[in-house]
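Here is a short report on how the helices pack, what fills the cores and how a few single residues sit. Keep the structure open while reading.

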Amino acid sequence: MKIFRQHSELSTWLASATAGDTGFVPTMGALHEGHISLVNEAVANNTTVVVSIFINPKQFNNPEDYAKYPVTEAEDLAMLKSSGCHAVYIPSVEDIYPENTTHIPLLLNHLESILEGPNRPGHFDGVVQVLHRLFSIVKPDRAYFGLKDFQQCKVVQALCKQYFPDIQLIFCPTLRESSGLAKSSRNRRLSSQGLVKAALIYKALKMVADAHGHMPLSSAIIQSERFLSAQDIRVEYLACADSDTFELSENWNAEGHNIVLIAAYIEHVRLIDNLQF
Ligand code: AMP
């Protein structure tokens, strides 16, 4: 497995190494089985697989969250090596954003004005900037993302529609702990009690999905919010949307494609999750 820290070296290697398809998995490191499930999918369907590890400062609206983001490079590299990944790109901030970097415009419309958008100002713009740069360097045939970050998947679709129409996007299911808690790099910041509490987030999503057809959507949301606040869990948002259009729902969608999404804080750590039903 090759390790590159400069885009120029990665580009040279990619130009000489690849005959066949390139699969790409962008990450911020602190890898877990959820990330590796994306890499496995990429390895199964591409000749060359590149994983990037870059904690993108532009997508952190909260400086404390950026400062506390876990860094576990040695463990990450060991996991990637055994997954069959071919190359890892671990750039510096300067390698991703050189001095002459221009801002990439992208109209996100309602993606920016609901849920993660207003709660993390500038976050999706930062995601757009880093992915535009990474896609321009790696030039993948396929790029792999987790449905855990559902709204991000929609943003990536918008980015590719405008700038990279030839990249095939593959969205992979959320890997969970046996408790139901979605695997996340941020879970490392939780105490053992925090991990137990965090599993209630998934339970609250299930409560909404299970209420489908039994009570109005607004009552199902209130019931789940009360369940979480009774456990002292601060909910930033809990809402249902149409998983195709990503418009917020006021009523259950009769044709299916409902998704319930949440952001909540456990021990000051912001966690997100969602469930489609
Ligand atoms: P991150 O390192 O958090 O930026 O995540 C890198 C990629 O891994 C993103 O596409 C995430 O959606 C995906 N991912 C994170 N957690 C999970 C999970 N539990 N299951 C599947 N994919 C995940």
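Which hand does the crossing of helix 10 and helix 11 have? The crossing of these two helices is right-handed. This is a predicted model, and every value below was computed from it.

## Helix packing

Start with helix 10 (192–211) and helix 11 (residues 217–229). Their axes lie 9 Å apart and the packing angle is about 160 degrees. An angle over 145 degrees counts as roughly antiparallel, so helix 10 and helix 11 are roughly antiparallel to each other. Helix 10 brings Leu200, Ile201, Lys203, Ala204, Met207, Val208 and Ala211 to the contact. Helix 11 answers with Leu217, Ala220, Ile221, Gln223, Ser224, Phe227 and Leu228. By class, the contact of helix 10 with helix 11 holds 11 nonpolar, two polar and one charged residues.

Next come helix 8 (123–138) and helix 9 (150–163). They pack at about 50 degrees, with axes 10 Å apart. Helix 8 and helix 9 are therefore oblique to each other. The crossing is right-handed. From helix 8, the contact uses Phe124, Val127, Val128, Leu131, His132 and Phe135. From helix 9, Gln151, Gln152, Val155, Val156, Leu159, Cys160 and Tyr163 take part. The contact of helix 8 with helix 9 has 10 nonpolar residues, three polar and no charged.

The third pair is helix 2 (residues 33–45) and helix 4 (residues 73–83). Their axes come within 10 Å and cross at roughly 30 degrees. That makes helix 2 roughly parallel to helix 4. This crossing, too, is right-handed. Glu33, Ile36, Val39, Asn40 and Val43 of helix 2 meet Met79, Leu80 and Ser83 of helix 4. The contact of helix 2 with helix 4 divides into five nonpolar, two polar and one charged residues.

## The cores

Which residues touch the most other members of the largest nonpolar core? They are Leu10, Leu131, Phe135, Phe145, Phe246 and Leu261, out of 46 residues in that core. Several elements each supply at least two residues, among them helix 1 (7–17), strand 4 (87–89), strand 5 (142–146), strand 7 (234–242) and strand 8 (258–266). Helix 8 gives the most, with nine residues.

Phe135 shows how such a member is surrounded. Setting aside residues up to four places away in sequence, Phe135 touches Phe24, Pro140, Ala143, Phe145, Val156, Leu159, Cys160, Phe164 and Ile167. Apart from this core lies another, of 28 residues, including Leu190, Ala220, Leu228 and Trp252.

## Single residues

Is Leu111 buried or exposed? Leu111 has a relative accessible area of 8%. Buried means under 20%, so Leu111 is buried. Leu111 belongs to helix 6 (residues 110–113). Beyond its neighbours within four places in sequence, Leu111 contacts Gly117, Phe124, Gln151, Lys154, Val155 and Phe246. Val155 is 44 residues away in sequence, yet 7.1 Å from Leu111 in space, C-alpha to C-alpha.

Arg176 sits in the loop between strand 6 (168–172) and helix 10. At 23% relative accessibility, Arg176 is partly exposed. Outside residues up to four places away, Arg176 touches Leu181, Ala182, Lys183, Tyr202, Asp273 and Asn274. Arg176 and Asp65 are 22 Å apart, C-alpha to C-alpha, and 111 residues apart in sequence.

Two loop residues have a positive phi without being glycine. For Lys139, phi is near 50 degrees. For His268, phi is about 65 degrees. Lys139 is exposed, and His268 is exposed as well. The table sets out the two.

| Residue | Loop | Phi | Relative accessible area |
|---|---|---|---|
| Lys139 | between helix 8 and strand 5 | near 50 degrees | 60% |
| His268 | between strand 8 and strand 9 (269–276) | about 65 degrees | 73% |

Key:
Residues are numbered from 1 along each chain as its sequence is written. This is a predicted model: local features need pLDDT of at least 70, side-chain atom pairs count only at pLDDT 80 or more; totals for chains, interfaces and linings use all residues. Side-chain values use heavy atoms; hydrogens and water are left out. Axes are lines fitted to C-alpha atoms, for helices over the stretch in contact, and angles run from 0 to 180 degrees between N-to-C directions. Helices (H or I, at least four residues) and strands (E, at least two) are DSSP runs, numbered from the N terminus. Angles under 35 degrees count as roughly parallel, over 145 as roughly antiparallel, 65 to 115 as roughly perpendicular and the rest as oblique. A crossing is left-handed if the near helix is turned anticlockwise from the far one by less than a right angle, and right-handed if clockwise. Contact means heavy atoms within 4.5 Å. Ala, Val, Leu, Ile, Met, Phe, Trp, Tyr, Cys and Pro count as nonpolar, Asp, Glu, Lys and Arg as charged, and the others, Gly among them, as polar. A nonpolar core is a set of buried Ala, Val, Leu, Ile, Met, Phe, Trp, Tyr and Cys residues joined through side-chain atoms within 4.5 Å. Buried means under 20% relative accessible area, exposed over 50%, partly exposed in between (1.4 Å probe, protein chains only).
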